[in-house]
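Trainee: I would like to go through how the helices and strands of this model pack. Could we take it one contact at a time?

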Amino acid sequence: MIYADNAATTAMSEAAINTMTTLIKETYGNPSSLYAFGQKAKEVLEQAREDIAGLIGADPKEIIFTSGGSEADNQAIISAAKLGALKGKKHIVSTAFEHHAVLHTLNKLAKEGFEITLLDVHENGIIKPEEVAAAIREDTALVTVMYANNEIGTIQDIKAIGAVCREKGVLFHTDAVQAIGHLHIDVNEQNIDMLSASAHKFHGPKGVGFLYAKKGIRLTNLIEGGAQEKGRRAGTENVPGIAAMATALKEAVGAIDKNAEHLIPIRNKVIAGLNEIPHSALNGDETSRLPSNINFCFEGIEGESLLLLLDDKGIAASSGSACTSGSLDPSHVLLAIGRVHDVAHGSLRLSLGEDTTDEDADYIVNAVKEVVEYLRGFSPVWRDLVAGKTKFIL
Ligand SMILES: *Cc1c(COP(=O)(O)O)cnc(C)c1O
């Protein structure tokens with residue numbers, strides 16, 4: 001089987017599994033307990049915090065452990081909104097193709113009287129720092145822009161966007177769930193005030209992540225209870241999961257350059273191969289994209305059928321994001337880059353893993369070519385296009 005859905009989740013690394021299972025067996029004390037057995041767990045927890053902070057150029061005090069990327073996004077945005085509201089600032093700048101953890105939180109705030117500006121992501125899926133600057137107002141409380149898009153893999157110029165926010169004195173949050181462990185991140189060098197991360201996107205366990213929040217930013221507690229995480233997130237810490245996240249991140253960050261070197265030629269080979277399919281198009285910028293990401297639209301077919309037939313050929317891929325597949329709405333990301341509904345429905349995302357080989361690339365290209373041709377063979381939409389009754393878009 002070729003697992004090409006690493007943007008949905010990744011397999012845990014051996015080292016992360018080892019860390020986790022060892023701790024589950026041996027270090028099950030509660031980090032809040034005062035006896036030595038609890039304090040051992042506390043030490044593991046604080047070591048993980050220090051390790052993770054070091055990997056992104058942060059201070060350990062600036063790392064808050066969460067249940068994953070969604071919670072970190074929620075907490076960052078709600079905290080910034082609360083802080084803004086205290087000063088009468090109720091405007092937030094974001095983009096049209098954020099993850100739903102961001103967009104749905106912004107929708108909630110809109111109902112509470114916040115005004116949201118969603119920036120255009122253009123045809124290539126890249127926003128312009130000068131457009132961020134132009135969107136910032138006197139009453140802007142927050143700019144939140146994702147580091148790398150989970151569907152089309154496009155990478156933003158985070159440092160430049162952060163610089164714009166610094167200059168205007170506005171808080172800047174980035175959902176870096178798809179970027180961390182895959183691209184080099186330094187929160188200070190890149191002018192990042194808040195950053196969300198999730199372990200299961202870089203070979204750590206599911207259900208654990210973290211929020212980086214620069215010193216001095218008062219976070220709103222989403223979960224009431226005990227005084228864990230300095231009162232910023234109640235609940236007994238997931239010590240094995242957090243430590244396994246630190247193990248996975250250390251490994252991933254150490255291998256960023258090697259992985260990119262391995263993946264980029266394979267990614268480009270698949271892109272070149274799929275480009276040979278008539279009436280198809282790559283979604284998102286060709287170069288400013290994650291080394292693992294390939295996303296195409298094929299005219300005249302349904303993404304879901306494509307996925308099922310690829311599954312029969314042993315390829316696990318995705319069409320749109322996991323959250324939107326199963327619903328009839330096409331991906332909001334593809335609509336945001338200007339794909340029309342019909343075209344957006346025929347999309348395919350392949351997110352490669354570090355273990356994807358050159359032979360896998362050949363197999364994928366051939367399989368997709370075969371399946372697309374087969375599906376077009378009995379697609380009424382395709383028949384109309386070929387007969388000239390409707391116009392090709394791609
Ligand atoms: C996966 C993902 C999330 C959600 O992370 P969870 O840990 O699954 O809650 C948020 N943002 C992006 C960009 C993602 O890819």
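Trainee: Which residues in H1 meet H7?

Mentor: The model is predicted. On the H7 side, the contact consists of Val239, Pro240, Gly241, Ala243, Ala244, Thr247, Ala248 and Glu251. By class, the contact of H1 with H7 has ten nonpolar, three polar and one charged residues. The residues in H1 are Ala15, Ala16, Thr19, Met20, Leu23 and Ile24.

Trainee: Are H1 and H7 roughly parallel or roughly antiparallel to each other?

Mentor: Helix H1 covers residues 14-26 and helix H7 covers residues 239-254; their axes come within 8 Å and cross at roughly 160°. Angles over 145 degrees count as roughly antiparallel. The crossing of H1 and H7 is right-handed. The two helices are therefore roughly antiparallel.

Trainee: Which strands stand at the edges of the sheet with the order S9-S10-S12?

Mentor: Three strands form this open sheet, and the pairing is antiparallel. An edge strand here has a single partner strand, so one side is left without a neighbour in the sheet. The edges are strand S9 (280-282) and strand S12 (347-351).

Trainee: How many bridges join S10 to S12?

Mentor: Strand S10 spans residues 293-298 and runs antiparallel to S12. Phe296 stands opposite Leu348 in S12. The number of bridges joining S10 to S12 is five.

Trainee: What angle does H9 make with S12?

Mentor: Helix H9, residues 303-312, lies across S10 and S12. Its direction relative to S12 is given by an angle of about 45°.

Trainee: Which are the edge strands of the sheet with the order S2-S8-S7-S6-S5-S3-S4?

Mentor: Seven strands form this open sheet, with mixed pairing. Each edge strand pairs on one side only. They are strand S2 (63-66) and strand S4 (115-119).

Trainee: Which residue in S8 is the bridge partner of Met194?

Mentor: Strand S7 (residues 194-198) and strand S8 (residues 209-213) pair in the antiparallel sense over five bridges. In S8, the partner of Met194 is Ala213.

Trainee: What angle does the direction of H3 make with that of S7?

Mentor: Helix H3, residues 69-86, packs on the sheet and touches S2, S3, S5, S6, S7 and S8. The angle between the directions of H3 and S7 is about 160°.

Trainee: Which strands does H4 lie across?

Mentor: Helix H4 comprises residues 100-111 and runs at about 155° to S3. The strands that H4 lies across are S3, S4, S5 and S6.

Note on methods:
Residues numbered from 1 in each chain as written. Predicted model: local features only at pLDDT ≥ 70, side-chain atom pairs only at ≥ 80, totals over all residues. Heavy atoms only, no water. Axes fitted to C-alpha atoms, helices over the stretch in contact; angles between N-to-C directions. Helix = DSSP H or I, 4+ residues; strand = E, 2+ residues; numbered from the N terminus. Parallel < 35°, antiparallel > 145°, perpendicular 65-115°, else oblique. Left-handed = near helix turned anticlockwise from the far one by under 90°. Contact = heavy atoms within 4.5 Å. Nonpolar A, V, L, I, M, F, W, Y, C, P; charged D, E, K, R; others polar. Pairing = 2+ DSSP bridges.
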